[in-house]
Amino acid sequence: MRKTTSAAVANASFAQDLAIGTYYGAVNDPTIVIVNAKTQERISLRKGETAANGMTLAEVSIGLNRKETYAQVSLAGEVARLHINEALLQQIAAAAAPKNAKTVPSPQAPAKSAAAVGAQRFQSATIKLPILPVLPR
């Protein structure tokens, strides 16, 4: 017996450049953000709702890790199963980083002794501790 459903789902032409960018919300009803790898366009999808381009979210599974997470989307009768694409997400993050960011070397300062450096670090350290409620006895 041959399974043809998964091949038909995986080869949907509208989804060749799409991947899950992120998801948020309740695990049983998340919002899935689909990213187009070429245009960087983002489409937010939820079950029962139709996006502006006509795409719908048919099924979603949030796995224990990112590799197990998938979303099954449909558009104009075609169905595709999308996964998180780590390489695409890294590419988008790199593109979003400032292109003109340069590190400016600090001016040379006279050498300090180890004790002076340690004292300076101690003076500039700030530790914030949480405020805990006092329970009655």
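This is a short dialogue on reading a sheet and one residue in a predicted model.

Student: What are the ground rules for this model?

Tutor: It is predicted: local features need pLDDT of at least 70, side-chain atom pairs count only at pLDDT 80 or more, and totals for chains, interfaces and linings use all residues. Residues are numbered from 1 along each chain as its sequence is written, and side-chain values use heavy atoms, leaving out hydrogens and water.

Student: In what order do the strands of the open sheet run?

Tutor: Strands of a sheet pair through backbone hydrogen bonds, either parallel or antiparallel. Here the order of the 3 strands is β1-β2-β3, with antiparallel pairing. Strands are DSSP runs of E, at least two residues, numbered from the N terminus; two of them pair if DSSP finds at least two bridges between them. β1 (18-26) and β3 (42-45) are the edges, each with a single partner strand, so one side of each has no neighbour in the sheet.

Student: How many bridges join β1 and β2?

Tutor: β1 and β2 (residues 29-36) pair over 8 bridges. One of the bridge partners in β2 is I32, which faces Y23.

Student: Where does T56 lie, and is T56 buried or exposed?

Tutor: Buried means under 20% relative accessible area, exposed over 50%, and partly exposed in between (1.4 Å probe, protein chains only). T56 lies in strand β4 (residues 56-61) and is partly exposed, at 22%.

Student: Which residue does the side chain of T56 join by a polar contact?

Tutor: A polar contact is a pair of N or O atoms within 3.5 Å; within protein, one must be able to donate a hydrogen and the other to accept it, and residues adjacent in sequence count only if both atoms are side-chain atoms. The T56 side chain has such a contact, of 2.7 Å, with that of S74.

Technical notes:
Helices (H or I, at least four residues) and strands (E, at least two) are DSSP runs, numbered from the N terminus.
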